[in-house]
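The following note sets out numbered points on the model for a colleague's consideration. Please read each point alongside the coordinates.

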Amino acid sequence: MSDTNFTATVPLESAPSELSQSSQQVLSLREKILAIRNGLRQGQQQMADWESGPLAVSAVPGAGKSTGMAAAAAIAIARQYERLARSRSSVHRQLVVVTFTRSAAANIKAKIRKYLRDDLSLPQTGFAVYTLHGLALNIASRYPDLSGLELENLTLITPSQSHRLIRTAVEQWINNNAEIYFRLLEGQQFDGEETERLRRQSVLRTEVLPDLATTVIHEAKSSGISPEQLQNWSHETSDNYAILSIAAGLYEQYQNLMRSRDFIDYDDMILAALRVLENNSARRIEQNQVFAVFEDEAQDSSPLQTRLLEILASDDHGDEGDRGDKGDKGDKGDEGVSFNSQLSVGERSRTTTPHSRLVSELVLSAAEVAEPPLPTQYSALNLVRVGDPNQAINSTFTPADPIYFRQFCEECDRVAKLATMNQAGRSTRIIIAAANFALEWVNSFYGAKNQKSPRLPAASPFRQQIIYPVSTNDPQKNANPAAEGKGLELYTPRDIHHTVELLGKRVVELFTPDPSNTRAAVLVRENRQGRWLAEMLAPLCKEHNITLYDVGERDRRSHVPQEILALLQFCDRPHSPDYLKAALEVLVQRQLVPTQDLNALASLPEEFLYPGPLAAPQAEPVEKAAHLCRSLLRARLELPLYQLISFLALALNYDQAELATADKLAERVNQQISGGSSMGAMLSALSEIVNSERFEPVETEDLEAHYTRANQLTIITMHKAKGLDWDYVFIPFLHENLIPGRFWVPPQSQFLGDFTLSEVARAQIRAALHGESGIPDVSQAWEQAKHLKTAEEYRLLYVAMTRAKRLLWMSAAQKAPFTWSKPDNLQEQAPCPVFPALKRQFPEYMMS
């Protein structure tokens, strides 16, 4: 099960019979609710006090927002039981809780159940926990006639820049737009030389246009913008290349290909759910099953995801009991939600439109309702949104845009519906002080800098929100723990090798006294740093029996498709030395055969697999490997094609999560090759998944626990570390070329200018979505894109700093690589601007 499809639905039981037996039971329940509330911090109590209407909760890192949300959810469910008991109503409605990832959904579900069971003595029912895409799919799949999603006939894909669908869309656009394409070829200047023309053609076809397509399709589609609307926007700006017009054409080709092949992507799930909710009857059915919606990580929502939650949370009939018992108001247009006043497009061909037409109409109809995400009548929304705009770290590579949650906070603040959770018990006081200083310094430095430029937005990188330590009587155990050593250590090593030396020495010092209770992590900006660091630290960790866990290496992509492909290629062509060696490498990695010289075995496949009577006896390791390979070949002959992937997964001794991933892979491949089933078709489909698609594995519910295990040094990217914490956090390689970094135009595409088409298009689309006075031109859009990246990189550093509990170790080496693809090419590198500021502010924490 993927993150996006995760749901945990817990229907409401017949509460009245259990709770209405006496008023004493109701009184007892209120006392239990009060006991939970009194055990929360002030900001958490504001969430727990919610009963109806909108509420924005802005929570600093380490404030305990997941605990607060779980407690508030349990209390809201208890109050719903109370209402049912008083009214003797037979209408059972549930709380919908939405979060960002499957693991987070499982975590909050467990916490809510614990509160209901242990603290409230209530049935563990009355709520449903979803990921955003899981919620959308749940709605869309129950109304296939309205959504157009006949799941048995559709294939879900997550195309990357190199996906065949994107490449095909690019080629079709080029064929249909020769004049614009030649304008791109000419660039800023062109002398007509044939070799240069061929080089530019290759760059445009394989890099520039696929990058533009993937960026714009996701950005526009997730905001409900159709290719037609994007084309209209292109008329509002002028540039030599007509970037938005090109983007609209690529988007249109992509949509046509998706329809022709019965493909959908994740954005189609949201659009399909919105189409269902355009129907008055379906919308009332869904709304009458929900008494409120709680959203976690709200700063990471896209406009249409926000719209979906607002519709479900809309109390159109204004009653805390049954929404459906006050007339048929929805048929006349529901005034509480501006979405519902513009539903005419969704009424067309509601039950008979085939999927080939529905997918395009989904985008069109959503585009017509993609207004600013906050309705005007906030009292009609039973919606609690929890997040932290200062931890918005996905907006420069996903459609997530923190401006919408910021606006929601501002609007709620105007009507006294903003709760601020600014007390955090995670970190020791000096770490809190360092994080607060970094936030204030960035805002003051870059805020003043941006105000000087009329091209840049006035918003500072951070929302002004200070972290405070908790009070002395805080219920959290070991809140604001004692510092390890000074708690903050700032290093300036000679180079990256000296960095490893200092870091390794400190790791050994920390793990030696009590390794079974020591948790530490090294946070890096990019995976290439993590790979290099893991190689350097591996001997030291092995010597001191410290587990080294490189998250990037193990979790970069699911290994299941790659391993299955290697074995299937061998089964298809067992006499190929390359395929035999690849299969043997998989078997060795899975520890199914002993490590040995695989080149010797693969050089003569026939002699290895089927030795003749005159061949020398095989050694035991060789014989074991040959026997296993022959069993794979026998399965290829005896099993039907659709069972092969599942068989290979069992043969590789996959664990539960890996077996689930293999089943997901088998279902995907068998669906894709249905009607033309053959080994060649299966290999082709698998090869495309491995080479050009981000195939998401099915994760176990305690996946994040793997990252924070005791006696383990975890190497993890700053992005992936969000939501986690460790006793000791190391942040090396803090250099200006990475944080905040700068937009780098690849040399091969500089013939187009000193900007990239994809980032210019993204900035122009967002300007239009934000309702700015006009769509910026190329130079203005490029400046805005650079500003957005700078702001997000500093928020990323802030997130990294606030992962530490007892020690925050930071360094910026004097010499470092210009690019981590060549780590041995060292040169002088300027530190991240925040780092010298920290050293000036906290001179006593500078380490020699």
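At roughly what angle do the axes of helix α9 and helix α10 cross, and within what distance do they come?

1. The axes of α9 (residues 178-186) and α10 (residues 194-221) cross at roughly 110° and come within 9 Å. Axes here are lines fitted to C-alpha atoms, for helices over the stretch in contact, with angles running from 0 to 180 degrees between N-to-C directions. The crossing angle makes α9 roughly perpendicular to α10, a label covering 65 to 115 degrees; under 35 counts as roughly parallel, over 145 as roughly antiparallel and the rest as oblique. On the α9 side the contact (heavy atoms within 4.5 Å) involves Y181, L184, L185 and E186, and on the α10 side R197, R200, Q201, L204, R205 and L209.

2. On provenance, this is a predicted model, in which local features need pLDDT of at least 70 and side-chain atom pairs count only at pLDDT 80 or more, whereas totals for chains, interfaces and linings use all residues. Residues are numbered from 1 along each chain as its sequence is written, and side-chain values use heavy atoms, with hydrogens and water left out.

3. Helix α10 also meets helix α12 (residues 243-260): their axes come within 9 Å and cross at roughly 80°. The two helices are therefore roughly perpendicular to each other. From α10, L209, L212, A213, V216, I217, A220 and K221 take part, and they meet I243, I246, A247, L250, Y251, Y254 and Q255 of α12.

4. The protein has 35 helices and 17 strands, both taken as DSSP runs numbered from the N terminus (helices H or I, at least four residues; strands E, at least two). Of its 848 residues, 58% count as buried, that is, under 20% relative accessible area with a 1.4 Å probe and protein chains only; exposed is over 50%, and partly exposed lies in between. Among contacts with a separation of 6 or more, 80% join residues 24 or more positions apart.

5. An open sheet of six strands runs in the order β10-β15-β14-β11-β13-β12 with parallel pairing, where a pair requires at least two DSSP bridges between the strands. Strands β10 and β12 (547-550) stand at the edges with a single partner strand each, so one side of each has no neighbour in the sheet. The average turn between neighbouring strands is 15°, direction ignored. Helix α35 (residues 834-841) packs on this sheet, touching β10 and β15, and its direction makes about 120° with that of β10.

6. Strand β15 (residues 804-811) pairs in the parallel sense with β10 over four bridges and with β14 (residues 726-731) over five. L808 of β15 is the bridge partner of L488, while M810 of β15 stands opposite I731. In β10 (residues 488-491), L488 and L490 point one way and E489 and Y491 the other, and all are buried. In a regular strand, side chains alternate between the two faces of the sheet.

7. Helix α26 (residues 620-638) has 19 residues and reaches 27 Å from first to last C-alpha, close to the expected 27 Å; the expected span is 1.5 Å times one less than the number of residues. Its buried residues include V622, L628, C629 and L632. The buried residues of α26 pack against α22 (559-572), α23 (577-589), α24 (598-603), α25 (605-609) and α27 (644-651).

8. T756 lies in the loop between α32 (737-741) and α33 (757-769). T756 counts as buried, at 16% relative accessibility. Leaving aside residues up to four places away in sequence, T756 touches V745, P746 and W782.
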